[in-house]
Amino acid sequence: MRLSLKQIGYGLLCSSVLGHTSVLNVYQDTAVYTFVSQGGYLGFSDGVEASCKGNELLLKKQQVCPSQERLCQEFLAHQKTKHALVSTSEKLKMLDKLISFPKSGEFDPKLWIEGAKMIGEESAGLILEQEKLKTEFAMEEEAFSRQTQSANPLYLAKECQEEIELTFPHGQINFSNFYEAEFLDENHIEVTQYLSILNHSGVDIKADRAMFYYRPAHRYINPIHFTPWIVSKYAPQVSKEYRTAMTKMTPMANGAMVPETMIADESASIEAAYEDARLYKVKNLSLPSLGTAVDVPVVSWTASAECKMHVYPYAGTMPYTLCAFEPAYQIDSNRWKIKSKEEIINDNAAGEYYEGAYRLYTKAEEDIQVLRRPIVQNEKNTGFFGGTARKKDGFILEVTNKSDKPKTLMVTERIPVSSAEEIKVKLLSVTSGQGIEYKELKEGRIEIKLDLKANESKIIEVLFEISYDKELKINY
């Protein structure tokens, strides 16, 4: 069987298209999409730049739009709604004109009543239809504007048979990540990292491979060269009269100017992988320009977690549960969702690296009430011994477990710390009617461990003394 030249050419074109891999690279300040275009249609986009084999391609906007494309279908449906709205408005205008025309002939009350009835019904129907179409048009306008800011289809001015590279401006395609922690039991959690990818560029993207970089693509680093550190004879400076002048600018690599003083500085088929810290790879990414985020799981692991209830009454009296664990991978974002089986514990939790571990602030403990009040100060609290004043001060904590279960609470408090040799501070006592455990640490820190039975309250009194020269005035 012989093939015609036309068939051979078509086969070669198809094999060329099939041989290309579509790639999306997303940075913190831009995104680059490499693919083979079919027919020159790109989407609905503004600010995008296109190139073919490194040569810039001109782009143009048209009114026509391929009906098989998703955004085109919405665009054409929106145009149809607009046409219906304009048509209904024109019908209402024409009806008003017909009513205003002068009437000739003999007046017949019955005919006038019937005519008025017909006109009223027709007018009411048109008004209701107009209001309905206005609402529908506004809803379609809002939905379309979430997906793109462009109102017209974008095409290549000249087709390219090779790969096309589209470069999107900052913000049109971006990503962030968040974490989900699920409690398997009291001491173990399963952590899942997600990429949250957002596309409202107006271009529906299908990428065989997508790379996500937690760094900008455009970053100017000011060249720095060694200069010696000079010591010289002192000479008094002569005051000069300065005039305001523009800072001399140095061109950046991308043509922009910077001051010379700048210092260097459909998800079921989606496969995502953790490549390295702040670098992720996603296979088979379908990312339509919907203006809503696509959440893709990247990596999961289990960890042993030590969870305790904490409160810092001097800063805030709401206790919370804090879980500390050692991550298997670097944590790139401190946004967390926390759950236990199907229960949502907190979908807006915070985390942080602190003191050699990662801390997860899981939930507020509403069943524990903490009140803090100062001990009333008066002149009797201050005594004078020679030239030294000794001032006693402190505060009272009242902690109540309102639940029907026993609770253990770690209380972190503080007393003042001196910033001058003339001022001395010492802890006098931490007392309670019931037994408590406490430790005095550096920088005035006090750690108190409270074991509370169901519906139990404990009152804790903390006293300290400040000694200083009686001629000094102190503030704390």
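A disulfide is taken here as a pair of cysteine sulfur atoms within 2.5 Å. The model is predicted, so local features need pLDDT of at least 70 and side-chain atom pairs count only at pLDDT 80 or more, while totals for chains, interfaces and linings use all residues. Residues are numbered from 1 along each chain as its sequence is written, and side-chain values use heavy atoms, with hydrogens and water left out.

## Overall make-up

The protein has 3 helices and 29 strands, where helices (H or I, at least four residues) and strands (E, at least two) are DSSP runs numbered from the N terminus. Of its 476 residues, 35% count as buried; buried means under 20% relative accessible area, exposed means over 50%, and partly exposed lies in between, with a 1.4 Å probe and protein chains only. About 30,900 Å² of the protein is exposed, and carbon and sulfur atoms supply 53% of that area, as computed by the Shrake-Rupley method with a 1.4 Å probe, only the protein chains shown counting as cover for residues.

## Disulfides

The structure holds 3 disulfides, and when the bonded cysteines are numbered in sequence order the pairing reads 1-4, 2-3, 5-6.

| Disulfide | S to S distance |
|---|---|
| Cys52 and Cys160 | 1.8 Å |
| Cys65 and Cys72 | 1.8 Å |
| Cys307 and Cys323 | 2.1 Å |

The link of Cys52 and Cys160 is right-handed, with 50° about the S-S bond. Because Cys52 lies in strand β4 (residues 49-52) and Cys160 in the loop between β7 (154-156) and β8 (164-168), this disulfide ties together parts that are 108 residues apart in sequence. Cys52 is buried at a relative accessible area of 12%, and Cys160 is also buried, at 8%.

For Cys65 and Cys72 the torsion about the S-S bond is about -70°, and the disulfide is therefore left-handed. Both Cys65 and Cys72 are buried.

The link of Cys307 and Cys323 is right-handed, with 110° about the S-S bond. This pair links distant parts of the chain, 16 residues apart, with Cys307 in strand β17 (residues 306-312) and Cys323 in strand β18 (residues 316-325). Cys307 counts as partly exposed at 28% relative accessibility, whereas Cys323 is buried at 1%.

## Surroundings of Thr362

Cys323 also appears among the contacts of Thr362, a residue of strand β21 (residues 357-364). Thr362 counts as buried, with 2% relative accessibility. With neighbours within four places in sequence left aside, Thr362 is in contact with Phe183, Thr321, Cys323, Ile338, Ile345, Asn346 and Ala349, contact meaning heavy atoms within 4.5 Å.

## Nonpolar cores

In soluble globular proteins, nonpolar side chains tend to be buried together. A nonpolar core is defined here as a set of buried Ala, Val, Leu, Ile, Met, Phe, Trp, Tyr and Cys residues joined through side-chain atoms within 4.5 Å. The largest such core has 50 residues, and those with the most contacts inside it are Leu24, Leu166, Phe212 and Trp336. Strand β16 (residues 294-304) gives the most to this core, with 6 residues. Apart from it lies another core, of 23 residues, including Met309, Ala389, Leu427 and Ile466.

## Strand pairing

Strands of a sheet pair through backbone hydrogen bonds, either parallel or antiparallel. Two strands are counted as paired if DSSP finds at least two bridges between them.

An open sheet is formed by 3 strands in the order β3-β7-β6, with antiparallel pairing. Strands β3 (41-43) and β6 (59-61) stand at the edges, each with a single partner strand, so one side of each is left without a neighbour in the sheet. Neighbouring strands of this sheet are turned by 35° against each other on average, direction ignored, the axes being lines fitted to C-alpha atoms and angles running from 0 to 180 degrees between N-to-C directions. Strands β6 and β7 are joined by 3 bridges, and Lys61 stands opposite Leu154 in β7.

Further along the chain, strand β28 (residues 445-452) pairs with strand β25 (residues 407-414) in the antiparallel sense over 8 bridges, and Val411 stands opposite Ile448 in β28. Strand β28 is also joined by 4 bridges to strand β27 (residues 437-440), again antiparallel, with Glu440 opposite Ile446 in β28. The hairpin of β27 and β28 has 4 residues between the strands, and in it Glu443 takes a positive phi near 60°.
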